[in-house]
Amino acid sequence: MNENKKSPWSLLVDKLSFPTLIIAALFALILVIGHIMGLSVATLLSDTVKRSGMWGIMVLAMLPSIQSGTGPNFALPVGVECGLFAITIAIEFGFTGWSWFVVSILLGSALAIVVGFLYGKLLNAVKGSEMAIATYTGFSITAFMCILWLVVPFRSPNMGWFIGQGLRETIQLDVVEADKLLNELWDFQIGKDFIFPTGMILFCVVCCVVVWLFFRSKAGVAISAVGSSNSFAEASGLNIYRSRVLANVISTVLGAIGIVVYSQSYGYVQLYNAPLTMAFTAVAAILIGGASAARAKVFHVILGVFLFQGLMTSAPPVANKVFAGTDLSDILRMVIQNGVILYALTKVKKGGEQ
C-alpha cells in the first residue's frame with residue numbers, strides 16, 4: 001500500500017484551499033438555516049446567480065494583474081471610471097438599447113487601453129509597492145472623476161440635474177432602453193422563484209474563455225512567467241516591464257467592460273463615489289475562490305464570485321431573521337470582505353517572487 005497516497009479530503013484541500021472550503025460550508029449552512037427560517041432558497045440562489053453575473057467580469061479583471069506579479073488590482077476604479085465615462089457619452093449622443101451597450105463596451109475599452117497603459121507604466125515605476133500605490137490610484141481617480149462629473153458639458157436631460165450643472169449621482173437606464181438587456185436575453189424561469197439570466201451569464205463565460213485562451217498564448221505565458229519569477233523571466237529574455245504593462249491594460253479593459261455589464265443588470269448608472277470600494281469586493285471574491293495574491297486561475301474567479309456573492313446575498317436576510325429587529329447586512333459584508341483580504345495579504349509571499 002502506498003503510504004504517500006493522499007486522502008480525498010487532502011486532495012480537495014490542495015485543490016481548493018482550506019479557507020475556500022470553510023466559506024463554501026458556511027454558504028451551505030446559511031442556505032439550510034434560511035430554509036428552516038422560512039426563506040425561499042430558490043430566491044436566494046437566483047439572486048446569487050444574478051449578482052455573480054453582475055460582478056463576474058470585474059472579478060475576472062483581477063486575474064491578469066495577479067498573474068503578472070503586481071498583485072490584486074486595487075486600482076479597479078481606474079477601469080470602472082473609463083466604462084462609466086463611455087456610458088455617459090453613449091447616452092449623451094442618443095444611443096439606446098443594444099447600440100448603447102455596444103458603443104459603451106467599445107468606447108470604454110478604447111479609453112481603458114490608453115489609461116491602462118499609463119497605469120501600467122506607473123506600476124513599473126513603483127515596482128515593489130504595487131498594491132499600496134494601486135489603492136491610492138483608485139481613490140485618486142474616483143475623486144478626480146467626482147470633479148469631472150460636475151463640470152462635463154453634457155446636455156442630455158436623462159443625466160443632468162434638474163437645476164444647475166453636472167450629472168446626477170444615479171442615472172436610470174430604462175430611459176435609454178438599456179435596463180437588464182443581457183439579463184433578459186434568453187432568460188428562463190425554474191419554478192416560481194428561480195430566474196436564470198442566460199445572456200449575462202453567457203457573456204461572462206465568453207469573457208472567461210477569452211482570458212483563459214489568452215493565458216495559453218505566447219503573451220499570456222510570458223505574463224505568468226514574469227509573475228512567477230522575475231529572475232527566470234529575465235534570464236529567458238522576456239521583457240518584464242512590457243508584460244506587466246500588458247497585464248494591467250487587460251485588467252483595466254475588463255474593469256471597463258465589467259461596469260457596463262453591472263450597470264445594465266442593476267438598471268442604474270452610479271457616478272461620483274460609487275466606484276470607490278468596488279475593488280475590495282472584487283479582490284475578496286477572487287481570494288475566496290482560492291487564488292493567492294500571486295497566483296490565480298479562471299476557476300478561482302468563477303468559484304470565488306459565486307461563493308462571495310452567495311454570502312453577500314444570503315447572509316443578511318438570514319441574519320435579520322435569526323436576530324429579529326436588527327440590521328447586520330453591512331456589518332457582515334465588511335467582516336467577510338475585509339477579513340478575506342487581510343488573510344490573503346498575510347500569505348502574499350507564498351505565491352511567487354514579489
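**Reasoning from values to labels**

Trainee: Why is Tyr-262 called buried?
Mentor: Its relative accessible area is 10%, and buried means under 20%, so Tyr-262 qualifies. Keep in mind that this is a predicted model.

Trainee: What makes Tyr-266 partly exposed?
Mentor: Tyr-266 has a relative accessibility of 36%. Partly exposed runs between 20% and 50%, so that is the label for Tyr-266.

Trainee: Which kind of aromatic pair do Tyr-266 and Tyr-268 form?
Mentor: An edge-to-face one: the centres are 5.7 Å apart, with 65° between the planes. Pairing needs centres within 6.5 Å, and edge-to-face needs planes over 60 degrees apart. Tyr-268 is partly exposed, at 34% relative accessibility.

Trainee: How many aromatic pairs are there in total?
Mentor: The count is 12.

Trainee: And why is the pair of Tyr-262 and Tyr-266 called tilted?
Mentor: Their ring centres lie 6.0 Å apart, and the planes meet at 35°. Stacked would need under 30 degrees and edge-to-face over 60, so this pair is tilted.

Trainee: Where do Tyr-262 and Tyr-266 sit relative to each other in helix α11?
Mentor: They are four residues apart in α11, which puts about one helical turn between them. In an α-helix, residues three or four places apart point the same way, because there are 3.6 residues a turn. Tyr-262, Tyr-266 and Tyr-268 also belong to one aromatic cluster with Trp-55.

Trainee: What makes the end-to-end distance of helix α3 agree with its 20 residues?
Mentor: At 1.5 Å a residue, α3 (residues 41–60) should span 28 Å, and its end C-alpha atoms are 27 Å apart, so the two agree. There is still a bend of about 40° at Met-54 in α3.

Trainee: How does helix α13 do on that test?
Mentor: α13 covers residues 298–322, 25 in number, and reaches 35 Å, close to the expected 36 Å. A kink of about 30° lies at Ala-315, shortly before Pro-316.

Trainee: What puts the charged end of Arg-168 over the ring of Phe-162?
Mentor: That charged end is 5.5 Å from the ring centre, and the distance limit is within 6 Å.

Trainee: How do you know that Cys-207 and Cys-204 are not bonded?
Mentor: Their sulfurs are 6.5 Å apart, which is too far; a disulfide requires them within 2.5 Å. For Cys-208, the closest cysteine sulfur is also in Cys-204, at 6.7 Å, so again no bond. The structure holds zero disulfides. Cys-207 is buried at 13% relative accessibility, and Cys-208 is buried at 11%.

Methods:
Residues numbered from 1 in each chain as written. Predicted model: local features only at pLDDT ≥ 70, side-chain atom pairs only at ≥ 80, totals over all residues. Heavy atoms only, no water. Helix = DSSP H or I, 4+ residues; strand = E, 2+ residues; numbered from the N terminus. Expected span 1.5 Å × (residues − 1). Bend = angle between axes of the 7 residues up to and from the residue. Buried < 20%, exposed > 50% of the residue type's maximum accessible area, 1.4 Å probe, protein only. Lys NZ or Arg CZ within 6 Å of the ring centre and 35° of its normal.
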